[in-house]
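Here is an informal walk through one model, with the sequence and the coordinates to look at alongside. Open it in your favourite viewer and follow along.

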Amino acid sequence: MTATPDFMQQALAQAAQALFLSNPNPRVGCVIVAPDGHTVLGQGHTQQAGGPHAEVMALRDAAARGHAVQGATAYVTLEPCAHHGRTGPCCDALVAAGIGRVVASLEDPNPLVAGQGFARLRAAGVSVEIGPGADAARELNIGFFSRMVRGIPWVRMKAAASLDGTTALANGESQWITSPQARADGHAWRAQACAVLTGIGTVLQDDPRLDVRDVSTPRQPHVVIVDSRLQTPLDAKLFVPGRNCLIYTASDSAARAQALQAVGATVVHLPNAQGKVDLAAMLRDLGRRGINELHVEAGYQLNGSLMREGLVDELLLYLAPKLLGSGRGICHIGPLTALADGPELVFHDVTPTGPDIRVCARFAQRSAF
């Protein structure tokens, strides 16, 4: 019996409801269908970290509706987990409930699972099919896959610019190049990220909050600052009680580090040979800290450093229908001596956003993992 695509689409729609919710866990959806192959008995998606996973939520939903699930099919967008974390193994919950068949989009890349959930289901006599909805399920969890496979987050660099590529005037003025619709859309991308990164230049010039305001979200992303000399003001707006703030530095000033830690920051000393922050080592550290998607909103200098080191996966660019002439660009990566030396990207998505256009493009050399 082949999978019914409509049910997997419903499971993917459930997974999308966890977009702002489940970090650092993957966004997973589950739909349980009766043995008749037509009736939805229950559905659900992964909750906040430490809360129930999608399969348990779907089983609870079925029970709340008064449905027995014996012999039913569970459509789930990622392999049911097989390990004890803050919750029990979902594969065991499905077996105990009497599920007869599991249709899953993908194997879980987490080494603690990695096929073990499927193996335990099969060992218990549950039929398993893998593959339907795989591309969409992976796209929903591109940061989770990046962290599990590469050990680093998926790095998305966001910028707003005029059609001629200007992100700020020569005097630094940049608010606002794009429309309120584009800004709200940008906040939605912030909301789905585990962390928002900026540089000390942006902190000193703009004193940004880097929080999510224009869309409703149950959680705020962490803040990451690249601050080689520990110049972050102690009264910076991004210091909010209960919000994690990581400051990566090359400074040896214990007094300054202690002062920043006293206002809630975590200071991480990661210098490179040039006396600046080792950006590649920073990504590895963020991966160890459970950061799946890193949303970069920085100035052209830090943007350029990340790009020159090949650390950016994706460019999220909002283009306004205006020309600003000379000013600051998206990043400083030159000067180049040949056109072939420029980093190549592949368009992933182009979408009108109010009067502006949102372009999502991916660096070809970073897309395979």
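## Strands, helices and salt bridges

Strand 7 (residues 195-199) runs parallel to strand 11, and three bridges hold the pairing. Within that pairing, Val196 sits opposite His295 of strand 11. Keep in mind that this is a predicted model.

Both strands belong to an open sheet of nine strands, ordered 10-9-8-7-11-6-12-14-13, with mixed pairing. Strand 10 (265-269) and strand 13 (345-353) are the edge strands; each has a single partner strand, so one side of each has no neighbour in the sheet. From one strand to the next, the twist averages 20°.

Now for the helices on this sheet. Helix 7 lies across strand 6, strand 7, strand 11, strand 12, strand 13 and strand 14 (356-363), and its angle to strand 12 is about 165°. Helix 11 (residues 300-308) lies across strand 6, strand 7, strand 8 (222-226), strand 11, strand 12 and strand 14, at about 110° to strand 7.

One residue of helix 7 deserves a stop. Asp185 is found in helix 7 (residues 180-192). Is Asp185 buried or exposed? Its relative accessible area is 18%, and buried means under 20%, so Asp185 counts as buried. Setting aside neighbours within four places in sequence, Asp185 has contacts with Tyr318, Thr353 and Arg358.

Helix 6 (residues 142-150) is another one to look at. Its residues Ile142, Gly143, Phe144, Phe145, Ser146 and Arg147 are buried. What do the buried residues of helix 6 pack against? The list is helix 5 (134-140), strand 6, helix 10 (279-288), strand 11 and strand 14. Just past the end of helix 6, Gly151 has a positive phi of about 80°.

Strand 1 comes next. Five of its five residues are buried, so strand 1 is largely enclosed by the rest of the structure. Gly29, Val31 and Val33 point one way from the strand, Cys30 and Ile32 point the other way, and all are buried. Strand 1 has antiparallel pairings to two strands that are worth tracing. With strand 2 (residues 40-45) it shares five bridges, running antiparallel, and Gly29 faces His45 there. With strand 3 (residues 73-76) it shares four bridges, again antiparallel, and Cys30 has Val76 as its bridge partner. The hairpin of strand 1 and strand 2 has six residues between the strands, and Gly37 in that hairpin takes a positive phi near 80°.

On to the charges. How many salt bridges does the structure hold? There are 15, and three of them are set out here.

| Salt bridge | Closest N to O |
|---|---|
| Arg27 and Glu293 | 2.7 Å |
| Arg101 and Glu129 | 3.2 Å |
| Glu314 and Arg156 | 2.5 Å |

Start with Arg27 and Glu293, which form a salt bridge with the closest N and O atoms 2.7 Å apart. Arg27 is in the loop between helix 1 (5-16) and strand 1 (29-33), while Glu293 is in strand 11 (residues 293-296), so the pair ties together parts 266 residues apart in sequence. Where do the two partners stand on accessibility? Arg27 counts as buried at 3% relative accessibility, and Glu293 is buried too, with a relative accessible area of 2%.

Then there is the salt bridge between Arg101 and Glu129, at 3.2 Å. This pair links distant parts of the chain, with Arg101 in strand 4 (residues 101-104) and Glu129 in strand 5 (residues 127-130), 28 residues apart. Arg101 is buried at 9% relative accessibility, whereas Glu129 is partly exposed, with a relative accessible area of 24%.

The side chains of Glu314 and Arg156 also meet in a salt bridge, 2.5 Å from N to O. Glu314 belongs to strand 12 (residues 314-320) and Arg156 to strand 6 (residues 154-162), so to speak two distant parts of the chain, 158 residues apart. Glu314 is buried with a relative accessible area of 1%, and Arg156 is buried with 2%. Salt bridges with shared partners join Arg27, Glu139, Arg156, Glu293, Glu314 and Arg362 into one network.

Definitions and conventions: Residues are numbered from 1 along each chain as its sequence is written. This is a predicted model: local features need pLDDT of at least 70, side-chain atom pairs count only at pLDDT 80 or more; totals for chains, interfaces and linings use all residues. Side-chain values use heavy atoms; hydrogens and water are left out. Buried means under 20% relative accessible area, exposed over 50%, partly exposed in between (1.4 Å probe, protein chains only). Contact means heavy atoms within 4.5 Å. A salt bridge is a side-chain nitrogen of Lys or Arg within 4 Å of a carboxyl oxygen of Asp or Glu. Two strands pair if DSSP finds at least two bridges between them. Axes are lines fitted to C-alpha atoms, for helices over the stretch in contact, and angles run from 0 to 180 degrees between N-to-C directions.
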